[in-house]
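Please look over the sequence and the structure shown here before reading on. The paragraphs below are meant to be read beside them.

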Amino acid sequence: MKGLFFLLLFMQLLAASIAVYKQWIPNTNFENASNWDKDRIPCANDVVLFKSNQVISVFVQSTHSLADMYLPLNGEFIMAPGAGFAAFDGSWDPGCDTASAVSFTDAEKYKWHDPALWHAATSLEDLDQGKYIFAVDEERVPCQYDDVIFQPETSFRVNIDSSEQMIHLRSISIMGQKFTSAVALAEYMPTSSAKLQFHGNGTFQVTNAGCPDKSGCECGNAGKHRQICAALLGDSGTRCPALACKDPFQPVGHCCEICGATISLEYTPGFDIRQYQNRILHAFLSLPKYAGVQMAISKVRKPQTSRNAVPVIQIVLMDDKTGSQTGTNAEQLAEDIIRDITVHGDSFGIVTGTVQVATGSNSNGEGGTIAGTVIGLLLGVLLLGIMLFLHWKGMIRLPSVHLAGLWNRKKDQDVVAGPSDKGFDNPIFDTPTNRAESHGACSGEEALKEMASKDSGIYFVNPLYDETELIA
């Protein structure tokens, strides 16, 4: 029994060490200026309007004087100690000289599966201090082993429609009350407050169980990927940001392509995801040069045709660089991690790691190469034109007659074949027009031999001509 007790204690400590807390961001508090169409809290001269058919729960933190207020038919106001409403007595209220009608905005738009509406942290302390962790979009939404928190002294309304209907959690805290069992939560959900807070076809299943595998557990939201991305990007999925890198890639579980780097690790049963995460945090991310790099590490299953695809550990790295430097720090960190795996990977239970990178410098490098090639070609053409011009002026002599022969080959053949030909001025050979007459009845072969025997270096046999053609 004692051994079993310590085993259970160890498992609880292990689960606690890898717990992730997800906190819901929006609220429907009366004092939240973003909940009002005028982007300010109603003041004494204002008339407050709630739509008659609005279903809402509103937390009120203090006392408010109002000229008038129209309430919804189905809603509730949760009053903090000392909070309440009073009729405006006509006294002067600084900053509220003009009376206005101020309407409470629609809270139906907030969806459970929208990654932008959650904060994540590895401890409650980090959550309170705003030390949030980076994650791919699927894992920004609560995973099956996460603790979900709706902040105390806040009201909210959230759509829990789910493509898989069941939403698995470790626990959920609502208005300061933590639910760790399915029985306790089942008693709360039918209450009037719960019906104002949650709507949709989703059902919560809380287990109070942490991830039992030290190598990590899959989030469990892969089947909801399309719903998550639709909530984040809109049904059209066209809200992904424009990227500054060439060939961006899409990590597993993410809705958009990114610039940066990703590492996929194959591992042995001895791999401990938290131990290795700490290795990266302390050995690399603590360095000043990597201060702007974000890292997400988790177990994922890469999309494959086989249902028995082996899970891998995915490390996603993104940095805060812009322009041509986008992703370069993430790339450098990925290279450092791979070098470290080469030396120390065995001790962490890592078999191998593969890297995928996309940076802004990739795009610039390609453009630079193309631009350099074009400029080189233009310079080459310009140089050739200058040389031909100088040659035409007689200022230089080219070491080859290929171009001249091509320009004048037809004419040369006519010279050889025509009996009345008087020759021509050849700028390469620099021969007089009456050269044919000076040889009299010499054959073409003798003429060639005479030309080849010159020792001035100017005359030579032109390889563009076939000697047999001249003889003929």
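What follows turns to confidence, then to a sheet, and then to a single residue.

This is a predicted model, in which local features need pLDDT of at least 70 and side-chain atom pairs count only at pLDDT 80 or more, while totals for chains, interfaces and linings use all residues. Residues are numbered from 1 along each chain as its sequence is written, and side-chain values use heavy atoms, with hydrogens and water left out.

The chain has a mean pLDDT (the predictor's confidence in each residue, from 0 to 100) of 81, and 72% of its residues reach 70 or more. Over residues 363-375 pLDDT stays under 50, and the model has four contacts (heavy atoms within 4.5 Å) beyond four places in sequence for this stretch. Where pLDDT is low, the predicted coordinates should not be read in detail.

Five strands (DSSP runs of E, at least two residues, numbered from the N terminus) form an open sheet with mixed pairing, in the order β9-β1-β10-β13-β14. Its edge strands, β9 (118-121) and β14 (177-179), each pair (at least two bridges found by DSSP between two strands) on one side only. Within the sheet, β1 (residues 21-24) and β10 (residues 147-149) run parallel and are joined by three bridges, and Tyr21 stands opposite Asp147 in β10.

His168 belongs to strand β12, residues 166-169. Because its relative accessibility is 40%, His168 counts as partly exposed, the class between buried (under 20% relative accessible area) and exposed (over 50%), with a 1.4 Å probe and protein chains only. Leaving aside neighbours within four places in sequence, His168 is in contact with Cys143, Gln144 and Gln205. From His168 to Pro142, 26 residues apart in sequence, the C-alpha to C-alpha distance is 8.5 Å.

Technical notes
Helices (H or I, at least four residues) and strands (E, at least two) are DSSP runs, numbered from the N terminus.
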